[in-house]
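Work through the exercises below with the structure open. Each one is followed by its solution.

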Amino acid sequence: MASIITATTTSGLTQSADNSGVLQLASGTGNLVTVPSVTGTAMVSGNMPAFSAYMSADQTPTANTWTKVTFNTEEYDTASYFDATTNYRFTPLIAGYYQINCMLSAQPGANTNDIGLYKNGSLFKFQRVLGASNFIELVINYIMYFNGTTDYAEMYFRSNTNAGYINGTSTYSTFSGCLLRTA
Amino acid sequence: MTLYEKIKTIYSSLTDADFDTVITLQNDSDGKGDYIAKWEHPTLPRPTDEELA
């Protein structure tokens, strides 16, 4: 049971009410959405921010130096929260928990190859792959909380030699994310 | 010569492990180049700007 507000094709808005304490919204006939009984912003498929970016060229960091990866080309950025021009960072303006993904292809790999997820300018999570082979694939995935105002995420890379570089194509190195749930 | 190479020239005893723990070099890809983000070495003092010039 529920109280229902419906947008009809003949009578404008109609409503039916009961004492269930549950509110549902409907467009036309059927297609009911139940409004959650929690405080927050209702998000539905279609308005939850998502982005994906890659590097337009290879990047060559210096040895033993955490270097921000310059993801300067967007594949998509539904809410324009990713800065692919200046800071190469994701700053969502909706508070919540975001799935953050990054994969980097380093060539050739060094003895130590690190990928770092930075939050607000500081190392937050990192993964290391050992071994100098032709290609090193670095991946980091994490569900990260953002406060919706000032929190931001960036990706950094570090290896222990000068020889390597990061492959700058959409195929090999990407940074992506999307909102899983609001705060 | 990179910042890392300059520091290694000043302190040849430093190892990769030092740069993994007590020393952090960073580059924010903002055109300002590499810099020392953290220097917490227990015995060696942070190099001066003059030494790194």
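**Exercise 1.** In this predicted model, find how strands β1 and β3 of chain A pair, then place them in their sheet.

Solution. Step 1: β1 (residues 3-7) and β3 (residues 23-27) of chain A run parallel and share 5 bridges. Step 2: one point on this pairing is I4(A), which lies opposite Q24(A) of β3(A). Step 3: the sheet in chain A is open and has 4 strands, ordered β2-β1-β3-β4, with mixed pairing. Step 4: β2 (13-16) and β4 (32-34) of chain A are the edge strands; each has a single partner strand, so one side of each has no neighbour in the sheet. Step 5: the average turn between neighbouring strands of this sheet is 20 degrees, direction ignored.

**Exercise 2.** Which residues of helix α1 of chain B are buried, and why do they line one face of the helix?

Solution. Step 1: in α1 (residues 3-10) of chain B, the buried residues are L3(B), Y4(B) and I7(B). Step 2: viewed down the axis of α1(B), these buried residues fall within an arc of 100 degrees, so they line one face. Step 3: an α-helix has 3.6 residues a turn, so residues three or four places apart point the same way. Step 4: the cover over the buried residues of α1(B) includes α2 (16-21), β1 (23-27), β2 (35-39) and α3 (49-52) of chain B.

**Exercise 3.** Is G31(B) buried or exposed?

Solution. Step 1: G31(B) sits in the loop between β1 and β2 of chain B. Step 2: the relative accessible area of G31(B) is 77%. Step 3: exposed means over 50%, so G31(B) is exposed.

Methods:
Residues are numbered from 1 along each chain as its sequence is written. Chains are lettered from A and ligands numbered from 1 in the order in which they are written. This is a predicted model: local features need pLDDT of at least 70, side-chain atom pairs count only at pLDDT 80 or more; totals for chains, interfaces and linings use all residues. Side-chain values use heavy atoms; hydrogens and water are left out. Buried means under 20% relative accessible area, exposed over 50%, partly exposed in between (1.4 Å probe, protein chains only). Helices (H or I, at least four residues) and strands (E, at least two) are DSSP runs, numbered from the N terminus. The arc is that of the directions from the helix axis to the C-beta atoms. Contact means heavy atoms within 4.5 Å. Two strands pair if DSSP finds at least two bridges between them. Axes are lines fitted to C-alpha atoms, for helices over the stretch in contact, and angles run from 0 to 180 degrees between N-to-C directions.
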